[in-house]
Amino acid sequence: MVLDLGEEEENIFEHSKEFDQGLGNIRKGAVTYIVAKDGSGDFGTIKEALKAIPSTGGKIQVKEGTYIENTITIPYSNISIEGISPGTPTISLGNNNGILINGKNKVIIVNLNFTGGSTVGKYAIAINNSYDCLIKENYTGQMVGCQLTGGSSEIKSSIIFFILATTNY
């Protein structure tokens with residue numbers, strides 16, 4: 001016997017109400033991917049993991065290692081990129097900029113180390129017209145730590161904690 005209360009099923013988590021249709025599949029909610037240089041994760045680079053994230057968002061956990069990446073563009077809102085190892089994962093950008101958050105909301109970037117070659121005027125993380133972002137415990141060399149663009153009403157409710165470590169003494 002089934003008890004019918006005449007009500008629709010209520011989802012506990014807000015993100016479980018959203019769907020992503022891709023490659024003929026319907027996925028509910030968000031995903032978590034592991035990025036690892038040693039092959040123990042789902043992907044070898046952050047960009048590969050971002051390509052696989054559904055439009056509902058998700059979490060990318062980055063293990064210790066040095067990852068050679070060009071500019072990383074966040075494709076959707078509700079994405080988290082977090083270093084999870086005892087040693088901070090290093091993003092080696094060469095002469096490129098770092099992570100670009102453009103018009104995407106609720107993005108979290110935590111515990112990453114950014115390095116580059118000729119880094120004058122280059123940023124580790126740029127936030128443009130986005131809100132509810134959390135940027136904390138990231139490290140840079142000679143790069144601009146975080147570049148903010150857009151009016152103050154467009155970059156709102158964002159928390160930015162950046163530890164800037166220079167190599168010049």
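So, is Y131 buried, partly exposed or exposed? Y131 comes out as partly exposed, because its relative accessibility is 31%. Bear in mind that this is a predicted model.

Let me stay with that residue for a second. Y131 sits in the loop that joins strand 12 to strand 13. In sequence Y131 is 26 residues from N105, yet their C-alpha atoms are 5.0 Å apart. S130 is in that loop too, between strand 12 and strand 13 (134-140). S130 counts as buried, because its relative accessibility is 0%. What does the side chain of S130 reach? One partner is the backbone nitrogen of G103, at 3.1 Å. Another is the backbone oxygen of N128, at 3.0 Å.

Okay, stepping back to the whole chain. We have one helix and 15 strands. The chain runs to 169 residues, and 36% of them count as buried. Take the contacts with a separation of 6 or more: 58% of them are between residues 24 or more positions apart.

Now the inside. As a rule, in soluble globular proteins nonpolar side chains tend to be buried together. Here the largest nonpolar core has 26 residues, and the ones touching the most other members are I81, I99, I101, I109 and I125. Which elements give two or more residues to this core? They are strand 3 (31-35), helix 1 (46-52), strand 4, strand 7, strand 9 (99-102) and strand 12 (123-128).

If you want to click on one residue in there, try I81. Setting aside neighbours within four places in sequence, I81 is in contact with I46, I60, V62, I74, I99, I108, I109, V110 and L112.

Then hop over to I46, which is in helix 1. Is I46 buried or exposed? I46 is buried, since its relative accessible area is 0%, and the cut-off for buried is under 20%. Not counting residues up to four places away in sequence, I46 touches V35, I60, V62, E69, I72, I81 and I91. So that list has a glutamate in it, E69, along with I81 from a moment ago. For V35, the C-alpha distance to I46 is 6.4 Å, with their positions 11 residues apart along the chain.

Next up, the pocket. How much space lies in the largest pocket? About 150 Å³. Of the 12 residues that line the pocket, A30, G57, G58, N78 and I79 are the closest to its centre. Strand 4 (58-62) and strand 7 (79-83) each put at least two residues into that lining. Both strands also turned up in the list for the core. Sorted by class, the lining comes to four nonpolar, six polar and two charged residues.

Last stop, a couple of backbone oddities. Most residues other than glycine have a negative phi. Two residues to look at here are N111 and E137. N111 has a positive phi near 60°, and you'll find N111 in the loop between strand 10 (108-110) and strand 11 (113-115). N111 counts as buried, because its relative accessibility is 16%. E137 isn't a glycine either, and its phi is positive at about 55°. E137 lies in a strand, strand 13. Is E137 buried or partly exposed? Partly exposed, because its relative accessibility is 38%.

That's my tour, thanks.

Key: Residues numbered from 1 in each chain as written. Predicted model: local features only at pLDDT ≥ 70, side-chain atom pairs only at ≥ 80, totals over all residues. Heavy atoms only, no water. 1 Å grid on protein atoms, 1.4 Å probe; cavity = no way out; pocket = protein on both sides within 12 Å on 5 of 7 lines; lining within 4 Å. Points joined across faces, edges and corners; volume = space filled by probe spheres on them. Helix = DSSP H or I, 4+ residues; strand = E, 2+ residues; numbered from the N terminus. Nonpolar A, V, L, I, M, F, W, Y, C, P; charged D, E, K, R; others polar. Core = buried A, V, L, I, M, F, W, Y, C linked by side-chain atoms within 4.5 Å. Buried < 20%, exposed > 50% of the residue type's maximum accessible area, 1.4 Å probe, protein only. Contact = heavy atoms within 4.5 Å. Polar contact = N/O pair within 3.5 Å; in protein donor to acceptor, adjacent residues only side chain to side chain.
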